[in-house]
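Hi,

Here is the structure I said I would pass on. Have a look at it first, and then read my notes underneath.

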Amino acid sequence: MRKLAAGNWKMNGLTAALTEIVALCRAHPAPACDMLICPPATLVAQVAAVAQGTGLALGGQDCHSAASGAHTGDVSAAMLKDAGASYVIVGHSERRTDHGETDAVVLAKASAAQAAGLVPIVCLGETEVERDAGETLNVIGRQLTGSVPDTSTADTLVIAYEPVWAIGTGRTPSLQEIAEVHAFLRQRLTARLGTEAAGVRLLYGGSVKPSNAAEIFALPHVDGALVGGASLKAADFGAIVAALSAA
Ligand code: PGA
């Protein structure tokens, strides 16, 4: 399995930020892991042009569940693909919170992504209240059941475990807590998808940075990271790519 370092720029990045893409591709021309940036939709085509011929893959941060139609302001999976994307994040907790996206909505988006030939990165994660109540695995299990398409294979699905309370806060679960959730995810996916589950990349996300990446990547069933803040600077994201390549 090729591991995956995925950067999520969220609602950050104007044309000037393309210099970070150039720097990243120069510093890591042939990384030993897959390297992905999900810029805002406005930049996907430009980043694709800059990244052409390099090892960098492109992704969207969300897509609509419909293939096309009267959905003002939305972007379809086919549009992202047309602009140069090969992945799309779906069900990020910021979408679930800001836009009321349910598991059913996330499932429809993930299915639309797969139908258009994009690999969905399906995000799951508990809130701090849920973790404190001992509900973490119940929540993750429910989200996994509700938002992952049944027909997924190792090549058409990535899962990102992102505890909501660890996103953008500088706080992370203990290594043992991350390992526990990832082992649970692999077990549940195996029950669901059979042998394909072994090849599905399971990413950890939430305050991953150069200083903690190596210890997280050393954990079993952690096959990469979904990185927010630390993906905006080529030097920081490059250090995470290097740590994953060495893991
Ligand atoms: P963070 O965000 O790395 O800034 O915590 C991760 C994410 O939301 O994907």
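Below is what turned up around the ligand, in the largest cavity and in the largest pocket.

One thing to keep in mind throughout: this is a predicted model.

**The ligand**

Let's start with the ligand, which has 13 residues around it. Lys10, His92, Glu162, Gly168 and Ser207 are the ones that come nearest. If you sort the whole shell by class, you get 7 polar residues, 4 nonpolar and 2 charged.

Three polar pairs are worth pulling up on your screen. Glutamate 162 uses its side chain: an N or O atom there sits 2.7 Å from an oxygen atom of the ligand. With serine 207 the backbone is involved instead, as one of its polar backbone atoms is 2.8 Å from a ligand oxygen. Glycine 228 also has a backbone N or O atom 2.8 Å from an oxygen atom of the ligand. As for how covered the ligand is, on its own it would expose 280 Å², and the protein buries 94% of that.

**The cavity**

Next, the enclosed space. How many cavities of 30 Å³ or more does a search of the whole structure find? The search comes back with 1. The largest cavity holds about 40 Å³ of space.

If you want to find it, look for its lining: Trp9, Glu20, Ile21, Leu24, Ile37, Ser231, Lys233, Ala234 and Phe237. Two elements, α1 (18-27) and α10 (234-246), each give two or more residues to that lining. Of the elements, α1 gives the most, with 3 residues. By class, the cavity lining has 6 nonpolar residues, 2 charged and 1 polar.

**The pocket**

Finally, the open space. The largest pocket has a volume of about 520 Å³, and 18 residues line it. To centre your view on the pocket, pick Lys10, Gln61, Asp62, Arg95 and His99, which are the lining residues nearest its centre. You will recognise Lys10 from the ligand, where it is also among the residues that come nearest.

Which helix gives the most to the lining of the largest pocket? That is α4 (residues 93-98), with 3 residues. The classes split evenly here, with 6 nonpolar, 6 polar and 6 charged residues in the pocket lining.

That's everything from my side. Shout if you can't find any of it in the viewer.

Cheers

Definitions and conventions
Residues are numbered from 1 along each chain as its sequence is written. This is a predicted model: local features need pLDDT of at least 70, side-chain atom pairs count only at pLDDT 80 or more; totals for chains, interfaces and linings use all residues. Side-chain values use heavy atoms; hydrogens and water are left out. A residue is near a molecule or strand if one of its heavy atoms lies within 4 Å of it. A polar contact is a pair of N or O atoms within 3.5 Å; within protein, one must be able to donate a hydrogen and the other to accept it, and residues adjacent in sequence count only if both atoms are side-chain atoms. Accessible areas come from the Shrake-Rupley method with a 1.4 Å probe; for residues, only the protein chains shown count as cover. Ala, Val, Leu, Ile, Met, Phe, Trp, Tyr, Cys and Pro count as nonpolar, Asp, Glu, Lys and Arg as charged, and the others, Gly among them, as polar. On a 1 Å grid over the protein atoms alone, a cavity is a set of points where a 1.4 Å probe fits but cannot get out, and a pocket is an open set with protein on both sides within 12 Å along at least five of seven lines; lining residues have an atom within 4 Å of a point. Grid points are joined across faces, edges and corners, and a volume is the space filled by probe spheres set on the points. Helices (H or I, at least four residues) and strands (E, at least two) are DSSP runs, numbered from the N terminus.
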